[in-house]
Structure formats: C-alpha cells, structure tokens
Amino acid sequence: MRYLGSKKRFVKELIPIITEHLNEDTVFIDMFGGGMNVISEVDHKRKIAVDINRYVISLWQSIKNSHLKNEECNDIVSKLSRNEYYKIKQSYLNNDGKYSDALIGYVANCCSYGSSWFNGYASFNPNKKEDHIKEAYNGILKQIKSFKNLDMTNFICMSYKDVTLPPKSVIYCDPPYANTKKYEECFNNEEFWQWAREKTLEGHYIYISEYSAPIDFKCVWKKVKKDTLPQIKNGNKPNKKIEKLFVYGL
C-alpha cells in the first residue's frame, strides 16, 4: 500500500532483526501500522496492527472483513477521477459522512501525490506513462493476496500510549520522523522516546525506525536511501538520507 514513509523497500532486511525474539508465546505489534507494509510480511499468527488514524484502520478492517467473507472490498477503487478525489476530500473536511471512513483512508493516502494525506490528486504521468491510481490499486491487491495471516491480524485504532501490551511483546515502531513532513495528526517525538525507554525496561522488545535517535539508543541497522523528490540546492539530484533502526540501550 502506498503510504508516506513506507518501509516497503527495506522490509526484507528489517524482518530478520525485528522478529528475532518472536516465538509462539509472544505477540508482534506494528505500533504505527499505516500501510501495513511491514506487518503484512511478518509470518506470525499473533499480530496486532495499531494506528491512531481511524480512516486507515477502517480501511484495513474493511479489507480483512471482505477477505473473511471472500468478497471484493468496495473501499478500494481501481479508477478515481480528479473530480471524485476532490469531492471525497471536501467531504472529509466537512465531516459530512457521505463516504465511508475506509474509502477516505484509501483515497487520502493511496491516491494522493507522494502518498501524503490529501496532498493533491496523483494524476497520470505522461512522461513515464505511469497511472498512479491504477498502480496504487494493483499494489494493494497484491499486498492483500500475500498478507501473511491477514485473517488473524487485529487492527486497532488507538494511540501507541494507550495500547495494553502482552508480556514481552515484540514491537516495531515507525513513528512520524522528527523534522520531516507531518502526517494528519501531531506527534510528540520526545514523549515517544521516553515511552520506548519505559517499555523496554518493562521487558518488551522495541525496534524503532528513524533517521536519528537520542544518545541512549543504539543503531542496529542502517541503509542509505534516496528521496524521490529532487532538492534544488543539490543541483536537482536526489537527496540521500540514511534509514536507521534503533533499540534502547548502549
């Protein structure tokens, strides 16, 4: 699923690290599930996907329910015009209930420029002959088909701070990065790092994706990535950043 900050390109490298302590008695929790590009690849029967965005969670609950009933998910559209996109966006802003939360979640993320929440219609790119709406549709269908234990995954709309954690949970966190483009909700990064410290000391295994972390967190994996948008100050060349994975403790 197209989603701002998705770890899709790194998931095969991340999974062996973040699932090291998984066993039949432990639960895997994707605390900022979003597009579910990580948890969908985790081969474990006890999985919980959490996100505070009710529209995104409604979309995944709709997908799960359709999958259980062996029916097509009507909240995933293969075609969406520019006019329809902005009608749905205006309905969301007006909170008038004309469209389902699940459809809003799909359109706001998958059908928006840069997969950023209602960031403008992702139109056809004639130069590269890319149909972004069609690609988003095909991409999520492929993900649903390969989603490991989709029927057994629990999707929860809640703040990470309010989730009741089973003993020794294995938790992957991909929170909104500090000093980057914001999501729909505001996020307190300092408060999050303190939560990670406390939960680690309680016996949970917590892995955090970010560009940087407080000095008492250790980097256990890193890889250079290129931003898709060129930076003028770099002579229109892609801007390189280093994705990192952190755990608490030096």
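In this predicted model, G203 adopts a positive phi of about 110° just after helix α6. Helix α6 itself covers residues 189-201 and contains 13 residues. From its first C-alpha to its last, helix α6 reaches 19 Å, close to the 18 Å expected at 1.5 Å a residue. At the start of this helix, a side-chain oxygen of N188 comes to within 3.2 Å of the backbone nitrogen of E190. The buried residues of α6 are N189, F192, W193, W195, A196, R197 and K199.

**Aromatic pairs**

F192, W193 and W195 also belong to a cluster linked by ring pairs, together with F32, Y160, F187, F217, F246 and Y248. The structure holds 25 aromatic pairs in total. A pair of aromatic rings is described by the distance of the centres and the angle of the planes. Two pairs are set out below.

| Pair | Centre to centre | Angle between planes | Arrangement |
|---|---|---|---|
| W60 and F155 | 6.0 Å | 15° | stacked |
| F217 and Y248 | 5.2 Å | 55° | tilted |

W60 belongs to helix α2 (residues 54-68) and F155 to strand β3 (residues 153-157), so their pairing ties together parts that are 95 residues apart in sequence. Both W60 and F155 are buried. In the tilted pair, F217 lies in strand β6 (residues 217-231) and Y248 in strand β7 (residues 237-248), so this pair ties together parts that are 31 residues apart in sequence. F217 has 6% relative accessibility and therefore counts as buried, whereas Y248, at 27%, counts as partly exposed.

**Nonpolar cores**

In soluble globular proteins, nonpolar side chains tend to be buried together. In this model, the largest nonpolar core has 52 residues. The residues with the most contacts inside this core are I63, I76, Y106, V107 and F118. Two or more residues each are given to the core by α1 (11-18), α2, α3 (82-94), α4 (101-110), α5 (132-146), β4 (170-173) and β7. Helix α4 supplies the largest share, seven residues. Apart from this core lies another, of 19 residues, with I48, L165, I171 and F217 among them.

Leaving aside neighbours within four places in sequence, I63 is in contact with C73, I76, I140, I144 and L150. One of these partners, C73, is buried, with a relative accessible area of 9%. Which cysteine sulfur is closest to that of C73? The closest is in C110, at 11 Å, and because this is too far for a bond, C73 and C110 are not joined. The structure holds zero disulfides. Another cysteine, C157, counts as partly exposed because its relative accessibility is 37%.

**Residues in loops**

V77 is located in the loop between α2 and α3. With a relative accessible area of 18%, V77 is buried. Beyond its neighbours within four places in sequence, V77 is in contact with L103, Y106 and Y137. The C-alpha atoms of V77 and D162 are separated by 33 Å, with the two residues 85 apart along the chain.

S40 occupies the loop between β1 (28-30) and β2 (47-51). Is S40 buried or exposed? S40 is buried, at a relative accessible area of 1%. Its side chain reaches the backbone oxygen of M36 at 2.8 Å. Not counting residues up to four places away in sequence, S40 touches K47, Q143, S146, F147 and K148. Although S40 and Q143 are 103 residues apart along the chain, their C-alpha atoms are separated by 7.5 Å.

**A buried glutamate in strand β7**

Strand β7 contains E243. This residue counts as buried because its relative accessibility is 2%. Which side chain makes a polar contact with the side chain of E243? That partner is Y177, at 2.7 Å. Leaving aside neighbours within four places in sequence, E243 is in contact with K7, F10, Y177, E210, Y211, W221, K222, K223 and K225.

Definitions and conventions. Residues are numbered from 1 along each chain as its sequence is written. This is a predicted model: local features need pLDDT of at least 70, side-chain atom pairs count only at pLDDT 80 or more; totals for chains, interfaces and linings use all residues. Side-chain values use heavy atoms; hydrogens and water are left out. Rings of Phe, Tyr and Trp (its six-membered ring) pair if their centres lie within 6.5 Å; planes under 30 degrees apart count as stacked, over 60 as edge-to-face and the rest as tilted. Helices (H or I, at least four residues) and strands (E, at least two) are DSSP runs, numbered from the N terminus. Buried means under 20% relative accessible area, exposed over 50%, partly exposed in between (1.4 Å probe, protein chains only). Contact means heavy atoms within 4.5 Å. A polar contact is a pair of N or O atoms within 3.5 Å; within protein, one must be able to donate a hydrogen and the other to accept it, and residues adjacent in sequence count only if both atoms are side-chain atoms. A disulfide is a pair of cysteine sulfur atoms within 2.5 Å. A nonpolar core is a set of buried Ala, Val, Leu, Ile, Met, Phe, Trp, Tyr and Cys residues joined through side-chain atoms within 4.5 Å. The expected span of a helix is 1.5 Å times one less than its number of residues.
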